[in-house]
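Got your viewer open and the cartoon switched on? Let's walk through this model one selection at a time.

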Amino acid sequence: MNHDRHVPEQAEPADGGAIAPDRPRVAAPAEEAITVATAAADASTTIEALLANPLRDPRDKRLPRVAGPCVLVLFGVTGDLARRKLLPAIYDLGNRGLLPPGFSLVGFARRDWANQDFAQVTHDAIKENARTPFREEVWKQLAEGIHFVPGEFSDDGAFDTLATTLAEIDEKRGTGGNYAFYLSVPPKFFPVVVKQLKRTGLANPPEGAWRRVVIEKPFGHDLASAKELNEITSAVFPEESVFRIDHYLGKETVQNIMALRFANNLFEPIWNRGYVDHVQITMAEDIGIGGRAGYYDGIGAARDVIQNHLLQLLALVAMEDPTSFDADALRREKEKVLKAVRLPHDLALSTARGQYAAGWQGGEPVVGYLDEDGIPLDSTTETYAAVKLEIANRRWAGVPFYLRTGKRLGRRVTEVAVVFQRAPHLPFSEDDTEILGQNALVVRVQPDEGITVRFGSKVPGTAMEVRDVSMDFAYGESFMESSPEAYERLLLDVLIGDPPLFPHQREVELSWKILDPIEDHWSAQGQPEEYPSGSWGPASSDEMMARDGRVWRRL
Ligand code: NAP
C-alpha cells in the first residue's frame with residue numbers, strides 16, 4: 001500500500017502498449033467504466049484519457065495501480081482454490097484493465113492437457129465464479145496468453161519444459177522475464193517445487209527482471225516446521241520475493257480496520273484499556289470439512305484459522321499506528337503486538353475445543369466429523385477452538401482478547417467486536433436500564449460487510465427507559481462499487497511487487513509461538529468435546545466466558 005508509487009516501475013508494457021486504467025472510483029455502469037488495454041494505444045495518452053474521464057471523481061488525482069509485463073505461473077491449477085478463487089480473480093483483474101496486454105498465465109498440473117484444455121477449464125471457472133461480468137473481448141485477450149505444462153512436481157523434465165515455455169512467452173509476448181510462481185498446492189510440495197525452481201534457474205531473474213514466489217497457508221504445522229519451510233524458501237528466494245498469502249488481509253473490511261482507527265479521531269482515543277472491556281474475534285463457518293478431509297484432519301481449527309487469520313486480525317486491532325503503510329512500518333507494528341501477546345497461566349480454563357457431532361444445517365440433517373469421508377474414527381482433530389489471550393503493553397494490559405472459530409456453527413460470520421466498559425454511573429432507575437447492554441463497535445468482516453456501533457437509546461414514550469440500538473455502515477450502501485475479492489487485490493499486489501498485505505516470516509513465527517503451547521496442552525487431552533452441528537460450539541467455550549463474567553456475542 002505504498003501510495004507514493006501507484007504506477008510501478010515496470011508499468012509500461014514492453015511492446016509500448018497501453019497501461020490499462022483502473023475503474024474510476026465513482027458510480028458507473030460496469031460496461032462503461034471498464035477499459036481494456038489494447039496493444040495499439042500509447043501509455044501516456046491512456047493515462048491522460050483516464051484523468052479526463054468525466055466519470056472520474058475530479059478530486060482523485062491518483063494514477064491507477066497496474067501490473068507491468070509478466071507471467072503468472074500457477075502450480076496446482078486443477079485444485080479447488082484455483083477454480084473457485086484464483087482463475088476468476090485473474091479474469092476480474094483483466095476486466096478492470098489492471099493487467100498488461102502481454103500478460104500470460106501458465107498452468108502446471110498432472111493432467112495430460114493441451115493449452116486449449118486448460119483454456120477451457122479457465123473459461124468455465126471464470127463463468128462460474130468471476131465477480132465482474134463476462135466480456136468476450138477481455139476473455140479473448142486473456143486466452144491468447146494461456147499455456148499449460150503437464151507434469152509431476154518431482155519430474156525434472158516437466159520443469160525443463162516449463163523453463164522453455166517461459167522463454168518462448170517472453171519472446172512472443174514481451175513479458176521481460178518477470179515471473180510470479182504461485183504455489184496453490186498441498187503444503188508438503190512447497191519444498192519440492194521451490195527446489196525445482198532453483199534447479200532450473202527459474203528462481204534467478206536476469207538483470208532488470210524479477211522473480212517472486214507466492215505461498216499459501218498453512219506456513220508450517222508449528223514453529224519448528226515453519227522455520228524449516230522458511231529455510232528452504234529463503235535459500236532460493238530472498239525475503240522480499242516471498243509473498244505469503246493470508247487472504248484475510250486482502251479483504252476490504254480488514255484493511256478498513258486501519259482506516260477506521262487511523263483516519264478518524266473518533267475511535268482511537270477510547271481504543272484502550274481505559275474504555276475497552278474486552279475484544280471478541282470470531283470466524284464461524286456453517287459448512288463442515290466438505291471434501292477436504294486430507295487437508296483438515298490433523299490440522300484442525302486453531303492451526304487452520306487462529307494461527308493466521310485471527311491473529312492477523314488481532315494484530316490490526318491492537319497495534320499502534322504505523323509511521324506509514326509501507327511494508328516495513330506496518331509489519332513492525334504487527335510484530336510488536338504479537339510479541340506482547342501472553343497466554344493465561346491456566347490453559348485448561350482459558351481455552352476450549354470441540355468436534356462437531358451430527359446435527360442440522362440449513363434444515364438438513366448432517367453427519368458428525370468422525371463420520372465424514374476420509375476421517376479416522378478416532379480422530380482427535382478439533383473443529384472448534386476458542387482461546388483467551390492478553391496483551392502485555394500499556395494500551396491493553398488487563399483487556400482480554402477472546403478468539404473463536406469453528407465449523408458447522410449456526411451461521412457463517414466473521415467479525416471483530418470491541419466491547420466497551422459500562423458507563424461508570426447510570427442516573428436512571430434500575431428498571432429503566434434493566435436490558436441495557438455494553439456499547440460495542442463491531443467490524444463485520446463477512447458477509448454483510450460493514451461496521452455497527454451499539455449504544456443505548458431512549459425508548460420512545462413517557463418513561464426514561466434505555467435500550468440498545470445499532471447504527472450501521474454498510475459497504476453496499478455507502479459505496480456504489482462492489483468490493484474486489486481478496487484474491488484480486490493480493491494477486492495484483494504480487495504482480496506489482498507491493499508487500500504490505502503479506503505477513504512476514506517473523507509474524508508467522510510469532511503466531512506459532514502463541515499457538516504451540518495451546519496445541520501441546522490440547523494434544524495431551526485426548527478427544528475434544530462434542531457439539532451438535534448447527535449449534536454455537538461446545539459448552540466448555542461458554543463456560544470459559546462465564547468464568548470471566550462474560551458471554552459470547554449471539555451472532
Ligand atoms: P487441492 O484441491 O488439493 O489441489 C492441489 C493441486 O495440486 C491440484 O491441482 C493437484 O493436481 C496438484 N498436485 C497435487 N500433487 C501434485 C503432484 N505431485 N504433482 C503435480 N501436481 C500436484 O488444494 P487446494 O484446496 O486448491 O489448496 C491449494 C493450496 O491452497 C494449499 O496449500 C491449501 O492449504 C491452500 N488453501 C486453500 C484454500 C481453499 O479454500 N481451497 C484456502 C486457503 C488456503 P492434480 O489434479 O493432478 O491432483
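One term before we click: a polar contact is a pair of N or O atoms within 3.5 Å; within protein, one must be able to donate a hydrogen and the other to accept it, and residues adjacent in sequence count only if both atoms are side-chain atoms. You're looking at a predicted model, in which local features need pLDDT of at least 70 and side-chain atom pairs count only at pLDDT 80 or more, while totals for chains, interfaces and linings use all residues. Residues are numbered from 1 along each chain as its sequence is written, and side-chain values use heavy atoms, with hydrogens and water left out.

**Stop 1: the whole chain.** Color by secondary structure and you'll have 17 helices and 18 strands. Those are DSSP runs numbered from the N terminus, with helices (H or I) of at least four residues and strands (E) of at least two. Of the 555 residues, 55% are buried, where buried means under 20% relative accessible area, exposed over 50%, and partly exposed in between (1.4 Å probe, protein chains only).

**Stop 2: the ligand.** Select the ligand and show what surrounds it. There are 23 residues around the ligand, and Thr 78, Asp 80, Arg 84, Arg 110 and Arg 111 come nearest; a residue is near if one of its heavy atoms lies within 4 Å. Which helix gives the most to this shell? That's H3 (residues 80–95), with three residues. By type, the shell splits into 10 nonpolar, five polar and eight charged residues. Here Ala, Val, Leu, Ile, Met, Phe, Trp, Tyr, Cys and Pro count as nonpolar, Asp, Glu, Lys and Arg as charged, and the others, Gly among them, as polar.

Now put some distances on screen. A polar side-chain atom of Arg 110 sits 2.7 Å from a ligand oxygen. On the backbone side, a polar atom of Lys 217 is 3.0 Å from a ligand oxygen, and an N or O atom of Gly 76 is 3.2 Å from one. Taken alone, the ligand has 890 Å² of accessible area, and the protein covers 84% of it; such areas come from the Shrake-Rupley method with a 1.4 Å probe, and for residues, only the protein chains shown count as cover.

**Stop 3: Arg 110 and Phe 153.** An unreviewed UniProt entry lists Arg 110, Glu 152, Phe 153 and Lys 217 under "binding site", though such annotations may be inferred rather than shown by experiment. Pick Arg 110 in the loop between strand E2 (104–109) and helix H4 (115–129). Is Arg 110 buried or exposed? At 65% relative accessible area, Arg 110 is exposed. Phe 153, in the loop between strand E3 (146–150) and helix H6 (156–173), counts as buried because its relative accessibility is 12%. Beyond four places in sequence, Phe 153 touches several residues, including Phe 75, Gly 76 and Val 185; contact means heavy atoms within 4.5 Å.

**Stop 4: Glu 285 and Lys 407.** The unreviewed UniProt entry also gives His 247, Lys 251, Glu 285, Asp 304 and Lys 407 for "binding site". Glu 285 is in the loop between strand E7 (276–284) and helix H10 (293–296), while Lys 407 is in the loop between strands E13 (401–406) and E14 (413–420). Show both side chains: a polar contact of 2.8 Å joins them. Glu 285 is buried at 17% relative accessibility, and Lys 407 is buried at 8%. Finish by showing the other contacts of Lys 407, among them Tyr 296, Tyr 356 and Tyr 531.
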